[in-house]
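User: Hi, I have a structure open on my screen and would like to go through it with you. Could you help me read it bit by bit?

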Amino acid sequence: MPGVVVAGDGTSGTSASQLNVPLGVFVNEAGTLYIVDSSNHRIQKWNNGASSGVTVAGTGVSGNSLSELSYPTGIVVDSNGYMYIVDYANSRILRWPPNSNSGECIAACTGVSGNGIDTLNYATALAFDSYGSLFISDGNNHRVQKFQILSGFDETSTTTITTTAITATDHTTSLQTSSKSSSTHSSTIAISIALLLWFLNDWNLSDFVFRLPIIQ
């Protein structure tokens, strides 16, 4: 069965109808695409059936300010439109509010790449579980990092997500956050023995979901 082009015109470029090395994509319930337009250093929001996109994060120029991205690679969007972006060449994770011209760093905010517990080295993809734990594929460090960012996360149901402050510890990241509303989640678990031992003292494992990130 042949595919159907839903975004981009098949040539690299910087116009609203073009993409340049798209590496990640997120699709919401309405069919709206959030495309990681990596070599254009931006996130394009592409409505279902549209012939062009709108830039919703990044300036189109590589940089390390909070209004800029540098070769982003991955994205997750929550039900309120907040974007969680893997800012690959800046080795950090940004949370970008809807209709904003800048984001905030929520993980690996040291400004440098590294192999410490508070740094990343060219991360490529990310995923949340329903408890708000953020899992990041830490590419050049050959590992997956877990950061406790939120008290819960849901990509589909209504949530209220609040600003967080992160403090690194030896094995986990502690969290200071204001309150948030979400529905209770119940699901089965599929997890390795190593992760089972890691989380045994912290979670009711029968209610825990581990979502492997999809690397583009």
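User: Let me start with a small one: what is the bridge partner of Tyr34 in E3?
Analyst: The bridge partner of Tyr34 in E3 is Lys45. Please keep in mind while we talk that this is a predicted model. That pair belongs to a longer match, since strand E2 (residues 33-37) and E3 pair over 5 bridges in the antiparallel sense.

User: And how many residues lie between the strands in the hairpin of E2 and E3?
Analyst: There are 4 residues between the strands of that hairpin, and His41 takes a positive phi near 55° there.

User: Is strand E3 largely enclosed or open to the outside, and why?
Analyst: Strand E3 (residues 42-46) is largely enclosed by the rest of the structure, because 4 of its 5 residues are buried. To follow that reasoning you need the cut-off, which is that a residue counts as buried when its relative accessible area is under 20%.

User: Which way do E3 and E4 run, and how many bridges join them?
Analyst: E3 and strand E4 (residues 54-57) run antiparallel and are joined by 3 bridges. In this pairing, Ile43 stands opposite Ala57 in E4.

User: What does UniProt say about residues 10-49?
Analyst: The unreviewed UniProt entry places the feature "repeat: NHL" at residues 10-49. In the model, that stretch is 0% helix and 40% strand, and its end C-alpha atoms are 16 Å apart.

User: Changing topic, what is the order of the strands in the open sheet of 4 strands?
Analyst: The order is E5-E6-E7-E8, and the pairing is antiparallel. The edge strands are strand E5 (74-77) and E8, each of which pairs on one side only. On average, neighbouring strands of this sheet are turned by 30° against each other, with direction ignored.

User: What about the middle, how many bridges join E6 to E7?
Analyst: Strand E6 (residues 83-87) and strand E7 (residues 92-96) are joined by 5 bridges and run antiparallel. As one example from this pair of strands, Tyr84 has Arg95 in E7 as its bridge partner.

User: What holds strands together in a sheet anyway?
Analyst: Strands of a sheet pair through backbone hydrogen bonds, and the pairing can be either parallel or antiparallel.

User: And which strands stand at the edges of the sheet E9-E10-E11?
Analyst: That one is an open sheet of 3 strands with antiparallel pairing. E9 and strand E11 (143-148) stand at its edges with a single partner strand each, so one side of each is left without a neighbour in the sheet. The twist averages 20° from one strand to the next. Within this sheet, E9 and strand E10 (residues 133-138) pair over 4 bridges, and the bridge partner of Ala125 in E10 is Ser137.

User: Where is Thr119, and is it buried or exposed?
Analyst: Thr119 is in the loop between strand E8 (104-107) and strand E9 (125-128). Thr119 counts as buried because its relative accessible area is 7%, and its contacts beyond four places in sequence include Ala108, Val112, Asp138 and Arg143. The side chain of Thr119 also reaches the backbone nitrogen of Asn115 at 3.4 Å.

User: Last thing, which residues does the disulfide join?
Analyst: The disulfide joins Cys105 to Cys109, with an S to S distance of 2.2 Å, and the count for the model comes to 1 disulfide. The link is left-handed, with -100° about the S-S bond. Cys105 counts as partly exposed at 24% relative accessibility, and Cys109 also counts as partly exposed, at 46%.

Methods:
Residues numbered from 1 in each chain as written. Predicted model: local features only at pLDDT ≥ 70, side-chain atom pairs only at ≥ 80, totals over all residues. Heavy atoms only, no water. UniProt positions renumbered as here; feature names shortened; annotations may be inferred. Helix = DSSP H or I, 4+ residues; strand = E, 2+ residues; numbered from the N terminus. Buried < 20%, exposed > 50% of the residue type's maximum accessible area, 1.4 Å probe, protein only. Polar contact = N/O pair within 3.5 Å; in protein donor to acceptor, adjacent residues only side chain to side chain. Contact = heavy atoms within 4.5 Å. Disulfide = S-S within 2.5 Å. Pairing = 2+ DSSP bridges. Axes fitted to C-alpha atoms, helices over the stretch in contact; angles between N-to-C directions.
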